[in-house]
Amino acid sequence: MTVAKSAALTLDEFLSLPETKPASEYIDGEIIPKPMPKARHSRLQGKIINAINEVTEAQQIAYAFPELRCTFGGRSIIPDISVFRWDNIALDENEEPLDNVLIAPDWMIEVLSPEQSPNRVTGNILHGLKHGCQLGWLVDPGDRSVIVFQPQQQPELFHQDDKLTVLEEIDLELTAKQIFSWLKMKAE
């Protein structure tokens with residue numbers, strides 16, 4: 001017995017659907033549920049966001065958002081962390097951010113979960129780079145490495161004391177070792 005494949009939704013049809021839990025992404029006509037983050041993933045996500053916003057928010061350089069739906073280039077994805085330069089954050093008449101983000105983040109950060117496809121996550125970062133994103137990180141807690149993606153360059157693998165690439169105007173120095181040290185919860 002063969003099963004007929006259902007017709008793919010358009011991006012507009014997908015965006016008109018109610019949000020799901022866990023959230024879903026729209027990639028190449030498919031709706032793909034995003035895995036629910038687990039403890040290590042959430043810890044790294046929160047610490048990276050805090051580190052970025054600590055050096056960028058007060059001076060209105062950039063802002064790191066967690067789990068923000070970004071719709072651009074025919075996809076609607078939810079990077080673990082979306083960093084936007086301050087000037088690229090669309091605001092309403094009350095100076096509050098607009099809910100619907102229709103551009104690629106300036107910097108996309110994904111923390112790989114064990115049940116995620118590294119190729120699919122990498123595909124989202126590459127898609128962002130094609131549509132204006134300037135930097136992507138794929139953080140892999142499993143092997144304590146970070147792959148850094150930049151437009152028109154080969155990806156670079158960082159581990160241990162390698163200083164990670166950040167957006168040019170952000171005064172933040174992080175190494176892969178520092179990021180993964182944040183997984184420890186006990187003071188030494």
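This is a short tour of the empty spaces in a predicted model, stop by stop.

Before selecting anything, note that residues are numbered from 1 along each chain as its sequence is written, and that side-chain values use heavy atoms, with hydrogens and water left out. Local features need pLDDT of at least 70 and side-chain atom pairs count only at pLDDT 80 or more, while totals for chains, interfaces and linings use all residues.

Start with the largest pocket (an open set of points on a 1 Å grid over the protein atoms alone, with protein on both sides within 12 Å along at least five of seven lines). Select Glu19, Thr20, Lys21, Pro22, Ala23, Lys34, Pro35, Met36, Pro37, Glu67, Arg69 and Ile78, which line this pocket, each lining residue having an atom within 4 Å of a point. Its volume is about 270 Å³, a volume being the space filled by probe spheres set on points joined across faces, edges and corners. The lining divides into 6 nonpolar, 1 polar and 5 charged residues, where Ala, Val, Leu, Ile, Met, Phe, Trp, Tyr, Cys and Pro count as nonpolar, Asp, Glu, Lys and Arg as charged, and the others, Gly among them, as polar.

Next, go to the second largest pocket, of about 220 Å³. Of its 13 lining residues, select Leu68, Ala90, Pro97, Leu98 and Val101, the closest to its centre; by class, the lining has 10 nonpolar, 2 polar and 1 charged residues.

Finish with the largest cavity (a set of points where a 1.4 Å probe fits but cannot get out), whose volume is about 30 Å³. Select Lys34, Pro35, Pro37, His41, Glu67, Asp80, Ser113 and Gln116 to display its lining, which comprises 2 nonpolar, 3 polar and 3 charged residues.
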